[in-house]
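Colleague: Walk me through the packing in this model, please, starting with the helices and sheets.

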Amino acid sequence: GHPWIYRSDIAELPGGLHGGEVVQVAGPRSEFLGQALYSSSSLIALRIFSRRPEPADEAFWNARLDAALALRQDLWGDGEGHACRLVFGESDGVPSFVVDRYDRWLVVQTLSQGAERLGPAWLAHLARRIRPAGVLARNDVRVRALEGLPAVVETLQGQVPETIEVAIGPVRLRVDPRRGQKTGAFLDQRENYAAAAAYARGRVLDAFSFQGGFALHAARAADHVEAVEISADAVRRGRENARLNGADHVTFVEANAFDRLHELDGRGERFDMVILDPPAFAKNRRALEAGLRGYKEINLRAMRILHPGGILVTCSCSHHVDEQLFLDVLRSAAVDAGRACQILERRGQSRDHPVLVTCPETGYLTCVIARLA
């Protein structure tokens with residue numbers, strides 16, 4: 001049931017294909033297997049979007065997009081400053097097409113030749129439905145190179161400001177849609193922000209803070225939050241977001257989070273909550289072993305600096321580090337730290353990033369909330 005078919009699994013290709021076409025996929029006995037978007041460059045040659053021989057016409061795709069919009073409407077509606085993922089590629093049956101909404105603006109990504117070819121029609125339908133003030137293409141991601149597509153950031157419709165103010169739960173954030181991580185913010189963590197905030201108290205450390213999503217949610221209940229981030233630009237934006245939310249008890253520190261955790265441990269500092277939301281340490285299988293060492297190091301340090309009864313919120317966005325591997329890392333770190341670690345919640349990405357059960361790659365985020373005895 002996996003929607004991807006690799007080039008090495010294709011026995012025969014018809015002539016005249018240039019990339020981006022909708023094709024029919026047949027098995028070894030000429031039995032119909034599905035319809036797919038074809039790529040002439042990627043190792044993922046076929047992305048199946050339908051298992052039925054139905055017309056893949058404008059009405060077909062519009063229905064897929066309407067279903068994606070309906071799900072998000074059911075989840076959160078569309079109030080002022082609204083921010084969420086509207087379309088999540090394969091999970092919504094629209095392969096390699098990503099659309100994020102930031103208030104009145106859309107940020108889109110077309111991540112395959114098929115999405116590049118069909119994207120304008122898909123976007124036209126979304127524009128009719130949503131009537132955005134502007135649309136930005138954030139097509140500067142590495143995966144496009146594998147498709148033979150250029151890296152580009154460009155305004156497709158209307159005007160898109162340099163900074164957009166949005167509401168993520170009770171917190172307001174100013175995001176940079178052109179240069180910010182992903183399409184401007186980590187929308188996949190929005191429900192984990194709220195879950196973590198429910199445990200916040202006392203002194204909190206938020207490592208790998210980016211623009212302060214976890215820090216500012218925790219600050220609503222904590223006495224003080226230290227937010228550690230290596231990017232000077234993200235620190236600047238984090239401080240702006242702290243001022244925007246009146247959170248003068250959040251301190252942003254520009255530092256390497258590994259070094260800061262080591263320093264705090266060496267000084268005997270103690271916290272009531274530590275939040276770890278690092279970038280992907282294992283972006284491919286070759287990096288898995290080193291990535292697991294990195295995850296263990298930061299979790300070990302976090303466990304060492306937590307008070308008894310303290311809360312650890314720890315995340316991995318590495319698809320190759322599944323939940324069981326991540327729990328193995330936490331187990332090993334707890335043993336080395338000499339701490340009993342009680343898991344309170346196992347969480348994933350926000351519901352606007354649904355996981356397609358036949359495509360494990362759509363489920364990449366693991367979040368564990370634990371108590372350290």
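Modeller: Helix α2 lies across β5, β6 (97-102), β7 (105-110), β8 and β9, and its direction runs at about 30° to that of β6. Axes are lines fitted to C-alpha atoms, for helices over the stretch in contact, with angles from 0 to 180 degrees between N-to-C directions, and contact means heavy atoms within 4.5 Å. Helices (H or I, at least four residues) and strands (E, at least two) are DSSP runs numbered from the N terminus.

Colleague: What should I keep in mind about where this comes from?

Modeller: This is a predicted model, in which local features need pLDDT of at least 70 and side-chain atom pairs count only at pLDDT 80 or more, while totals for chains, interfaces and linings use all residues. Residues are numbered from 1 along each chain as its sequence is written, and side-chain values use heavy atoms, with hydrogens and water left out.

Colleague: Fine. In what order do the strands β5 to β9 sit in the open sheet?

Modeller: The order is β5-β6-β7-β8-β9, and the pairing in this open sheet of five strands is mixed, where two strands pair if DSSP finds at least two bridges between them. The edges are taken by β5 (83-88) and β9 (152-158), each of which has a single partner strand, so one side of each is left without a neighbour in the sheet. On average, and ignoring direction, neighbouring strands here are turned by 20° against each other.

Colleague: And how many bridges join β8 to β9?

Modeller: Six bridges join strand β8 (residues 134-139) to β9, and these two run antiparallel; Leu 136, for instance, has Thr 155 in β9 as its bridge partner.

Colleague: Now the other sheet, please: which strands stand at the edges?

Modeller: That one is an open sheet of four strands in the order β1-β4-β3-β2, with antiparallel pairing. Its edges are β1 (4-6) and β2 (22-26), each with a single partner strand, so one side of each is left without a neighbour in the sheet. Neighbouring strands in this sheet are turned by 40° against each other on average, direction ignored. Helix α2 (residues 113-130) also packs on this sheet, where it touches β2 and β3 (32-38), and its direction makes about 80° with that of β3.

Colleague: How are β2 and β3 connected?

Modeller: They form a hairpin with five residues between them, and Ser 30 in the turn has a positive phi of about 65°. The two strands pair in the antiparallel sense over five bridges, with Gln 24 facing Gln 35 of β3 as its bridge partner. In a regular strand the side chains alternate between the two faces of the sheet. For β2, the covered face holds Val 23 and Val 25, whereas Val 22, Gln 24 and Ala 26 are on the uncovered one.

Colleague: Back to helices: at what angle do α1 and α2 pack?

Modeller: Helix α1 (residues 58-76) packs against α2 at an angle of about 50°, with the axes 10 Å apart. That makes α1 oblique to α2, on a scale where angles under 35 degrees count as roughly parallel, over 145 as roughly antiparallel, 65 to 115 as roughly perpendicular and the rest as oblique. The residues in contact include Trp 61, Leu 65 and Asp 66 of α1 and Leu 118, Trp 122 and Arg 129 of α2. By class, this contact divides into seven nonpolar, two polar and four charged residues, with Ala, Val, Leu, Ile, Met, Phe, Trp, Tyr, Cys and Pro counted as nonpolar, Asp, Glu, Lys and Arg as charged, and the others, Gly among them, as polar.

Colleague: And where do the axes of α8 and α9 come?

Modeller: The axes of α8 (residues 288-304) and α9 (residues 323-337) come within 8 Å and cross at roughly 45°, and α8 and α9 are therefore oblique to each other. The contact of α8 with α9 has 12 nonpolar, two polar and three charged residues.

Colleague: Last one: is Pro 278 buried or exposed?

Modeller: Pro 278, in the loop between β15 (271-276) and α8, is buried with a relative accessible area of 2%, where buried means under 20%, exposed over 50% and partly exposed in between (1.4 Å probe, protein chains only). Leaving out residues up to four places away in sequence, Pro 278 touches Phe 208, Tyr 295, Ile 298, Cys 315 and Cys 317. Thr 366 in strand β18 (residues 366-372) is also buried, with a relative accessible area of 7%, and Cys 315 and Phe 326 are among the residues touched by Thr 366.
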